[in-house]
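Student: I would like to go through this model and ask how each label was earned.
Tutor: Go ahead; the structure comes first, then the labels.

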Amino acid sequence: MSKTYIQKGELWHLVGRRLWLIALTTGIIVMVLPHSGVPQFDYELNHPWQYDQLIAKSETPLYKSEEVLKRERDSLHKTFEPYYNVSVTVRERALQRFSKKFGNGIPGLPTGYASYVAKRIRKVYDLGIISADIYSKSQTDSTLSIRLVSGNTATSILVNGLKSPLTAYEWLFDDPLMQSHRNALQQCNLNEFLEPNIILDQERTQMEEDDLMSSIPVASGMIQVGEKIIDRGEVVDERAYTAITSYLRDLEKRTTSEQELLTTYGGQALYVSIIILLFTLYLILYRKDYFDNARATAMLYIVIVLLPALVSFVMQHHFFTVYVLPLCMAPLFIRVFMDSRTAFLTHTVIVLLSAIAVQKQFDFIVIQEVGGLVAIFTLRELTRRSQIFIAAFTVSLVEITAFFALQLIQATNFTDFDTHTTYHFIGNGILLLLSYPMMFVVEKAFGFVSAVTLFELSDTNKGILRRLSEVAPGTFQHSITVGNLAAEIASKIGAKSLLVRVGALYHDIGKMRHPVFFTENQVGINPHKRISETESAQVVISHVTEGLRMAEKENLPGVILDFIRTHHGAGMTRFFYVQYKNNHPDEEVDDELFTYPGPNPFTPEQAILMMADTVEAASRSLQEYTEESIASLVNRLIDSQVQQGFFHDCPITFRDIQTAKDVLTERLKSIYHTRIAYPELNKR
């Protein structure tokens, strides 16, 4: 029943606590945003220009595209002749090896024949031997030539006029005298003495090639001051595409680093810090539970950083238009795990930060805001997979409608309409379908619990709930009844009905340890009569700690464990406490022996469960079920909880408590209704 009012001094103290987070977020966003100060246009070849008329404000070279430059380089490269040197060393080294091996003559051949073969080898080296791979290219291109350096001159010669190691070997045997002794000479492996002596001059070739390529002009003309580059609605042909790219490239070169530092960086830092500060103030003033929750805060600020960074990356590299990006995924997640107001404000912050990176900022903000609102409206609570499909389809449809509405406002005729962007919105809707698998990742990473998970946990036919129905059937029925009562109260006061229903199903699982010690599971035998009041109290209290142990073993979410902790709060086992006091009037009682470990409820759902649990259990002890007795029981029990301060740390109002009383009274009346006594027929 507490409502937090933050004083001015405390407000700035809390802002100071998160000042590092504001500074870090601002710094990262400013780093990833475009800083050139050059307008960011989203344009594609052979598609209409979506922006206003673009006029050159300065004389700009008409730079050739990379494709054109590559074609010119390739064309020039085909005519380029690499530089080669004749290596005398290779020839002399080969002849020395031959002389060493056959200095005493070639076996089976006349004396002096080896000298003739050596002369033949020298002659083929004089003709020139080039590497096999270069020679093979000349067989398909007869015009392939090289520049052969000799002294200070370089002569252009055809490659097919030279020899490869293989053709040089065949040339040796073109001589009749060599051919007549071919069989004997083949045993000598003359190919060992034939290797390329025409060697590539790598350094000179690279230098000459670089000089040649640098002679290619990078510009094909000039854009004059005041010249119209392109007008709205015109198709971006190849020349216009080159002109736009050249103009923006030249603008970026003209921007100095000092100007960027003082204007672009400074302006972006101021703008981003204002928005992040306002968002932080919203969390402090209206969602302090998120502000104090480290995981919730981490998720919000990570999303705020990640999506503008993605928009900036796409705009800088022109992969596709920004409307393909599913920015509405953020409000979907935050709506499912948090609330609608936070989802809308977070989405607005993301859109305002992303707008810095785009060109048509008004259109971008309007379309994205409309899409975010529709995403929040169509997915109030995720209970079925089909809802994601409906949300994605609706968001795409509404964004397309908003886009065409803006075009109707801005265009002069229907021929100016850009229909191509429609496909980008369809792609956006398809990517939004990834929200469903991504939701599981977000849930596990930040410790949230989605409605889908709660539905899975509410399945009573498996897991620990099935064991509860078998081991402690009375407790199981009690949990189901409490869940129904609590869910109806939650629906009436605007709390999370599904969450409190699931919490009710698990709140008493600890009773499985000693089920017979709880009245709903007893059948004529009460084991408490055989033990002391303190022992009985400890057994009853232990169902909370045992429940927590079982829940942790089952890896249940933290919010479910909180229901187990708080459903008795820091209350007492009053039955055994009073009984002990009556039996030991002169003895000082240790209240801790009869007190639950707590804590008291700190969410509306936990308070609802405490009220429903207490009233449902006590209603079984009524002697008669009348409207007066039920209403009296409900009022007495809940008023007692209020007086004991169980709801002091809980954001629940007296109006909510009165609503809970009314719901409990009406539902218990319908549960414990009495039948009408049928009259007896009088006998004559």
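**How the labels are earned**

Tutor: This is a predicted model. Its second largest pocket is lined by 37 residues, and those nearest its centre are His568, Thr573, Arg574, Phe575 and Ala617. The volume of this pocket is about 1300 Å³.

Student: Which helix gives the most to the lining of the second largest pocket?
Tutor: Helix H28, with six residues. Helices H25 (533–553), H27 (574–583), H28 (604–619) and H29 (627–643) each supply at least two residues of that lining. By class, the lining has 12 nonpolar, 16 polar and nine charged residues.

Student: Is Phe575 buried or exposed, and why?
Tutor: Its relative accessible area is 58%. Exposed means over 50%, so Phe575 is called exposed.

Student: What about Phe576, buried or exposed?
Tutor: Phe576 has 10% relative accessibility. The limit for buried is under 20%, so Phe576 counts as buried.

Student: How many aromatic pairs does a search of the whole structure find?
Tutor: It finds 17. One of them is Phe102 with Phe193, at 6.3 Å centre to centre and 70° between the planes.

Student: What makes the pair of Phe102 and Phe193 edge-to-face?
Tutor: Ring centres must lie within 6.5 Å to pair, and planes over 60 degrees apart count as edge-to-face. With 6.3 Å and 70°, Phe102 and Phe193 meet both conditions, so the label holds.

Student: Which parts does that pair tie together?
Tutor: Phe102 lies in helix H4 and Phe193 in the loop between helix H9 (182–186) and strand E6 (198–200), so the pair links parts 91 residues apart in sequence. Phe102 is buried at 8% relative accessible area, and Phe193 is buried at 2%.

Student: How is the pair of Phe575 and Phe576 classed?
Tutor: As edge-to-face, with 5.2 Å between centres and 90° between the planes.

Student: Where is Ile106 found, and why is Ile106 called buried?
Tutor: Ile106 is in the loop between helix H4 (88–102) and helix H5 (113–127). Its relative accessibility is 4%, so with a limit of under 20% Ile106 counts as buried. Beyond its neighbours within four places in sequence, Ile106 is in contact with Phe98, Tyr113, Ala114, Val117, Leu185 and Cys188.

Student: How do you know what span helix H23 should have?
Tutor: Helix H23 (residues 473–493) has 21 residues, and at 1.5 Å a residue they should span 30 Å. The end C-alpha atoms are 31 Å apart, which agrees. Just after H23, Gly494 takes a positive phi of about 85°.

Conventions. Residues numbered from 1 in each chain as written. Predicted model: local features only at pLDDT ≥ 70, side-chain atom pairs only at ≥ 80, totals over all residues. Heavy atoms only, no water. Helix = DSSP H or I, 4+ residues; strand = E, 2+ residues; numbered from the N terminus. Buried < 20%, exposed > 50% of the residue type's maximum accessible area, 1.4 Å probe, protein only. Contact = heavy atoms within 4.5 Å. Expected span 1.5 Å × (residues − 1). 1 Å grid on protein atoms, 1.4 Å probe; cavity = no way out; pocket = protein on both sides within 12 Å on 5 of 7 lines; lining within 4 Å. Points joined across faces, edges and corners; volume = space filled by probe spheres on them. Nonpolar A, V, L, I, M, F, W, Y, C, P; charged D, E, K, R; others polar. Phe/Tyr/Trp six-rings, centres within 6.5 Å; stacked < 30°, edge-to-face > 60°.
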